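Before turning to individual sites, it helps to ask how far each part of a model can be relied upon. Please look at the structure below with that in mind, and then follow the text from one region to the next.

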Amino acid sequence: MIKNLLLLGMGLIALGQSALGQDYKQIHRDLLVVDGHNDVIYASILPGKDIGQRLNSGATDIPRLKEGGVDVQVFAVWSDDAKWKTGAFKHANEQIDALEKMIASNPKDIALAKSKAEIDSILKTGKIVAVIGVEGGNMIESSMDNLVKLHDRGAKYLTLTWNYNLPWVSCAAMESGKMGAENKGLTDHGKAIIRKMNELGMLVDLSHGGEKTFYDVMATTSKPILVSHSNAYRLCPHFRNLKDAQLEALKKNGGVVGVNFYSGFLDPKYESRLRKVYKQQFGKKAEPTLSTWDMYDQLPKESRYQVDAPLSKLLDHIDYLVKKVGMDHVAVGSDFDGIESAPQGLEDVSKLPLLTKGLLERGYAKEDIAKIMGLNFLRILSENEQ
Ligand SMILES: [Zn+2]
């Protein structure tokens with residue numbers, strides 16, 4: 001009898017049943033899954049790769065989005081703000097052109113939504129919903145007209161900064177002193193941009209934003225804000241993560257934080273582990289000029305797994321964020337294709353069901369997983385449109 005039960009138990013595990021006797025894959029399929037941040041435009045679409053086919057590079061394509069059960073994917077329009085001092089608005093438009101072209105080539109699989117109502121109607125067709133998020137205020141080139149034009153083309157959020165300060169706003173990389181201290185927050189023009197975004201129903205995204213900027217936005221905005229792809233500073237003290245006081249302010253504001261899958265924002269030991277494994281692999285230390293991206297890129301697949309953060313770290317951040325801001329204010333912003341390393345086993349979008357499995361194993365109710373995996377993001381999108 002015991003042996004039979006054991007065999008039954010092993011069979012259930014083999015079929016993908018969780019310890020609770022629920023099929024996590026089925027539960028995941030039934031969820032409305034929203035990923036609030038992905039960089040596949042820059043990684044694959046813009047260089048001309050056909051993401052309608054399964055690619056053997058990158059973390060995202062339509063077949064893998066389907067496998068991952070992704071219903072709504074936010075595509076980040078991004079431009080390196082050190083490089084695009086001028087022409088960034090044009091470059092943003094070229095990226096939206098490329099996204100539209102990709103969507104037009106895959107009309108049975110994916111469609112672009114410019115509003116919550118359009119998201120809802122596309123969801124009924126079973127297609128993947130594409131949403132645009134502009135990552136970097138540099139792309140409006142300080143112009144309110146450009147902001148409105150990008151919103152008209154479908155941009156549902158604007159991440160105010162990337163890693164450099166702009167004339168109207170300062171970023172986390174610079175405010176934290178990592179790239180030259182400057183701590184100015186929002187200027188009057190910056191505040192006017194926030195009010196315009198509120199009026200348009202466009203989400204203000206504070207990922208990459210400096211702390212001064214964060215609190216200036218909180219004092220200016222009349223709508224709930226988004227932090228699309230950032231984690232808890234308490235668990236991983238990186239300037240891209242949110243401190244406890246910021247999480248408290250976010251909770252008061254009614255906003256949402258999307259958990260980022262980057263090993264370096266999840267696990268404070270990631271970079272030292274990467275350097276150690278790099279040295280073991282090549283018998284020499286990495287050049288100081290080599291980025292984590294390049295180091296990781298040179299490693300063979302087996303060594304990469306050793307370097308990736310354990311999946312438990314991602315779950316720890318979700319637990320912590322939920323504890324701090326509440327179940328209604330945590331979402332997912334994977335940052336796939338913008339990061340070199342994701343947690344072990346979660347290396348591309350097709351592996352997203354493993355996150356649902358992990359949450360079930362940590363005791364989250366299905367209704368709460370549904371909020372984190374998509375409903376919270378859609379709620380603030382809708383609240384911003386009102
Ligand atoms: Zn980013």
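Over residues 1-19 the pLDDT stays under 50, and for this stretch the model has six contacts beyond four places in sequence. Because this is a predicted model, in which local features need a pLDDT of at least 70, the description that follows leaves the stretch aside. Taken as a whole, the protein averages a pLDDT of 93, and 93% of the residues score at least 70.

With that settled, the zinc ion offers a starting point. Its protein donors are Glu135, through OE, together with His208 and His229, each through NE2, and they lie 2.0 to 2.2 Å from the ion. Along the chain, these donor residues follow the spacing E-x72-H-x20-H. Glu135 and His208 link distant parts of the chain, being 73 residues apart: Glu135 belongs to strand S4 (residues 128-135), while His208 sits in the loop between strand S6 (203-205) and helix H10 (211-220).

Are these two donors buried or exposed? Glu135 has a relative accessible area of 2% and is therefore buried, and His208, at 7% relative accessibility, also counts as buried, because the cut-off for that class is under 20%.

The backbone of His208 deserves a separate look, since this residue, although not a glycine, has a positive phi of about 75 degrees. A positive phi, here of about 65 degrees, is also found at Ser142, which is likewise not a glycine. Ser142 is placed in the loop between S4 and helix H7 (144-152), and with a relative accessibility of 28% it counts as partly exposed, because that value falls between the limits of 20% and 50%.

Helix H10, which follows the loop that holds His208, contains Thr213. What surrounds Thr213, if residues up to four places away in sequence are not counted? Thr213 touches Leu160, Val169, Ser170, Glu175, Gly185, Leu186 and Leu206. The relative accessible area of Thr213 is 0%, so this residue is buried.

Methods:
Residues are numbered from 1 along each chain as its sequence is written. This is a predicted model: local features need pLDDT of at least 70, side-chain atom pairs count only at pLDDT 80 or more; totals for chains, interfaces and linings use all residues. Side-chain values use heavy atoms; hydrogens and water are left out. Donors are N, O and S atoms within 2.8 Å of the metal (3.2 Å for Na, K and Ca); water is not among the atoms, so sites may look incomplete. Helices (H or I, at least four residues) and strands (E, at least two) are DSSP runs, numbered from the N terminus. Buried means under 20% relative accessible area, exposed over 50%, partly exposed in between (1.4 Å probe, protein chains only). pLDDT is the predictor's confidence in each residue, from 0 to 100. Contact means heavy atoms within 4.5 Å.
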